[in-house]
Amino acid sequence: MKKSLLEIWQYRELLGGLVRKDVKLRYKQTLLGIAWAVFSPLTLTLIFTFVFSRFAAVKTGAIPYPLFVYSGLAVWSLFSGSLSSAVPVLVNNSSLVTKVYFPREVFPLSAVFSKLIDFALALAVLLIMLPFFGVPFSAGLLWIPVIVLVQLAFAAGLALLLSMGNLFFRDVKFIFDSVITIWMFATSVIYPIKSPNHLINNLLALNPMIPLIDAFRGAVFEGGLSNPVPFLLASAIAFITLFSGLALFHKLEYLFAERI
Amino acid sequence: MENAFEFIGVSKRLVKGERAASLRDLLSGSLGRLFGRARAVNPDAFWALKDLNLQVKAGEAIGIIGENGAGKTTLLKLIAGIMKPNEGELKVSGRVASLIELGAGFHPDLTGRENIFLCGSIMGMKTAEIKEAFTSIVSFAGIEEFLDTPVKRYSMGMFVRLGFSVAMHLDTDIMLIDEVLAVGDLNFQAKCRDALDRFKERGKTIVFVSHDLGSVLSLCSKVVWLSKGKIMEAGEPQKVVNAYIAHFEKTAEGSLRLRGDSAWSAGYNPENAVKEPRGLAVSRDGEVYAASMQGHCVAVFSPEGKLLKTIGAAGIGEGKLYSPAGVALSGNGVFVSDVSGACVQKFSLDGVYLGSFRGEFAEPFGLCAAGKGGLIVTDRKLHRVFEFSEEGKVIRSFGGRGSGSGEFNFPIAAVLDGKGFMYVSDLNNHRVQVFDTERNFLCSFGSFGSGPEEFNGPHDLAAIGNVLFVADHLNSRVKRYDISGVPKKAEFTGAFGFERSMLPCGMALGPDTEMYLSFGGTTLIGKYSGAAPA
């Protein structure tokens with residue numbers, strides 16, 4: 001574990017290079033360029049605002065609905081976007097995996113980190129929107145780096161596990177595609193999630209993305225962590241995922257070249 | 001001196017084809033076990049390396065040779081740390097760089113500049129190191145003007161040059177090179193060799209895998225011959241290479257026994273002029289002319305196997321060769337058939353372009369000198385044989401596609417015997433047809449198969465006295481016939497077989513009845529004694 005972390009640290013410049021490459025290539029030969037990073041969640045926000053204001057009333061408390069949706073989508077896209085690019089990343093780079101030696105962790109990790117740029121832009125736009133909706137800036141915003149760090153840990157852990165899973169069994173990608181959609185609707189992304197059913201509530205408590213998104217909203221709109229216990233639990237889950245991901249990945253890494 | 005790496009009883013098992021590519025495979029496997037069906041050992045698994053012991057000192061340049069599938073690349077991947085051994089122990093000390101595939105780390109959409117940084121850091125360089133070496137990398141690759149062009153717009157040559165250049169600037173202790181030196185033009189190859197020599201001088205270790213025995217001999221201080229995952233022989237380069245070549249000449253049927261001239265086969269092809277040698281011709285003083293399909297030229301060797309000159313420039317047009325297949329010496333000229341150029345060109349013995357025999361060719365292939373300056377050409381696409389006078393006029397042509405007498409399916413070579421009878425190897429009909437001096441059909445012999453009198457794709461022919469030799473391409477052997485019985489019958493008298501991966505295609509006899517053979521898909525030309533009729 002220590003060895004694998006040390007090795008990743010030695011290759012940090014490669015990690016940085018791959019992140020830059022990802023970002024550069026994602027918006028290369030597009031007209032709007034990196035503006036797409038903001039454009040996509042904004043469009044979705046407009047659609048959901050339209051739908052939910054016309055057809056189904058959603059109670060989001062003190063948070064104006066458009067901001068509720070936008071903030072949820074910004075955090076969720078960081079999570080789902082980084083995972084969907086991480087899942088096939090080892091397979092897509094098979095020529096490197098089979099031919100050059102370097103810690104393979106850098107592939108899934110760079111896929112996760114490269115989405116951070118998009119998130120930073122989306123966040124900046126969110127902050128700009130706040131005054132228009134009469135939301136004051138608060139000291140709670142200082143929590144954002146902590147929350148994002150926990151999310152990154154969770155996403156990175158899953159990215160390591162899933163990219164490796166997909167290398168051994170290509171089914172993982174298909175399963176992931178379905179699960180991630182369901183997962184979004186089981187998370188408080190576009191509506192606050194609460195069920196009258198006790199069983200479902202217990203199940204939802206296992207979803208660390210709910211406290212993570214809620215914590216983010218708390219930091220932006222309510223001046224701090226309104227509900228610290230679930231957030232702490234989610235953080236524990238996130239870091240356990242990360243460390244088990246790193247450990248398993250390191251343990252099976254030597255099989256990649258021959259099983260890909 | 002310290003070991004650069006050491007294999008101690010290393011074995012590596014690999015699996016052919018896909019391995020449990022989907023969950024379904026895994027599930028069916030586990031369910032099978034659940035219901036008591038014993039799971040057999042994966043039938044596709046094989047030992048790519050078995051119980052390998054090898055010690056290489058720092059500063060050595062070691063060459064790895066062997067047939068395809070011998071385990072050469074697996075060996076490199078183990079040293080590189082891309083794979084781990086199933087059994088045994090492997091100690092590697094120092095930083096390893098692998099040139100297993102040049103430009104593997106390049107992304108087509110990024111510019112040359114961006115790719116240098118990306119590829120360098122993939123190979124383990126620090127950004128500061130890359131910055132320091134940047135100018136040198138660019139000038140070595142010769143891509144100054146294209147630095148800010150995406151590499152997808154690069155030519156193949158530029159792409160590979162850049163890949164090699166980045167790799168050459170790595171500060172590593174062990175450099176693994178897999179079959180990549182044959183890239184770029186001769187000029188760049190010379191640069192690469194210089195760079196490798198300098199690398200060696202700095203006391204670094206090189207592991208060089210190649211089929212190109214000439215490069216192995218000139219670069220390496222030690223050679224290891226691998227076969228089916230085991231070391232057959234290791235040690236002094238020339239000795240190992242000779243043993244390797246001798247291994248290909250192992251079986252004899254009947255009375256034909258060829259003996260390879262090891263100096264020739266080992267010292268062949270010094271500057272890589274010959275790639276995919278096909279047709280061969282030998283001059284009266286024993287110089288060997290070899291048509292090089294992929295080298296786009298005719299290479300001329302001394303009887304001792306030294307490259308004397310090359311004829312023709314790469315390309316299509318007058319004096320240019322693209323896929324030269326056949327070569328013949330007739331009168332005072334060298335005739336070369338060019339399959340892609342659809343023509344036969346004539347050069348002086350010094351390589352000056354003299355003219356073309358255009359005829360009505362589609363894919364002229366085999367050439368044979370006929371009498372005073374005349375020429376016989378087989379066209380493998382029109383399935384016809386053309387005969388030219390010294391003046392380049394078509395005297396007659398005959399054939400046509402089919403499997404009847406006097407018809408051909410891929411006539412690939414023709415030869416005349418002492419009586420003026422013509423023998424044509426009819427590749428896809430797996431037979432040799434014989435015609436009289438007026439080119440009336442006399443007889444044919446051979447049919448498809450691997451038996452003593454059967455052929456699998458007969459290629460080149462050579463005749464001397466009452467003896468005819470046929471290169472039985474896919475059967476990996478040369479067969480000898482007694483043709484004193486023609487016009488009725490040619491009689492099989494012996495065959496000389498090669499290892500299965502050695503497919504003889506071109507064949508020519510020298511003034512002392514020494515036999516030259518070229519081998520398809522390789523860069524090899526062999527010289528053999530023992531072909532003289534008893």
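**View 1. Where chain B meets chain A in this predicted model.** The contact (heavy atoms within 4.5 Å) draws on 33 residues of chain B and 29 residues of chain A. Together the two chains bury about 2,600 Å², with 59% of that on carbon and sulfur atoms; buried area here is the accessible area (1.4 Å probe) lost by two parts on being put together, summed over both.

**View 2. A salt bridge across the interface, B:E114 with A:K24.** Their closest N and O atoms sit 2.8 Å apart. Chains B and A share two salt bridges, each a side-chain nitrogen of Lys or Arg within 4 Å of a carboxyl oxygen of Asp or Glu. On the side of chain B that touches chain A, the elements giving two or more residues are β1 (3-15), α1 (23-34), α2 (72-80) and α3 (112-122). The largest share, four residues, comes from α3(B). Helices (H or I, at least four residues) and strands (E, at least two) are DSSP runs, numbered from the N terminus.

**View 3. The two faces of helix α1 (residues 2-10) in chain A.** A:S4, A:E7 and A:I8 are buried, meaning under 20% relative accessible area, while exposed means over 50% (1.4 Å probe, protein chains only). Because these three cover an arc of only 100 degrees around the axis (taken from the directions from the axis to the C-beta atoms), they lie on the same side of α1(A). The buried residues pack against α2 (12-26), α7 (106-132) and α12 (228-252) of chain A. Turned away from that side are the exposed A:K2, A:K3, A:L6 and A:W9.

**Notes.** Residues are numbered from 1 along each chain as its sequence is written, and chains are lettered from A in the order in which they are written. Local features need pLDDT of at least 70, side-chain atom pairs count only at pLDDT 80 or more, totals for chains, interfaces and linings use all residues, and side-chain values use heavy atoms, leaving out hydrogens and water.
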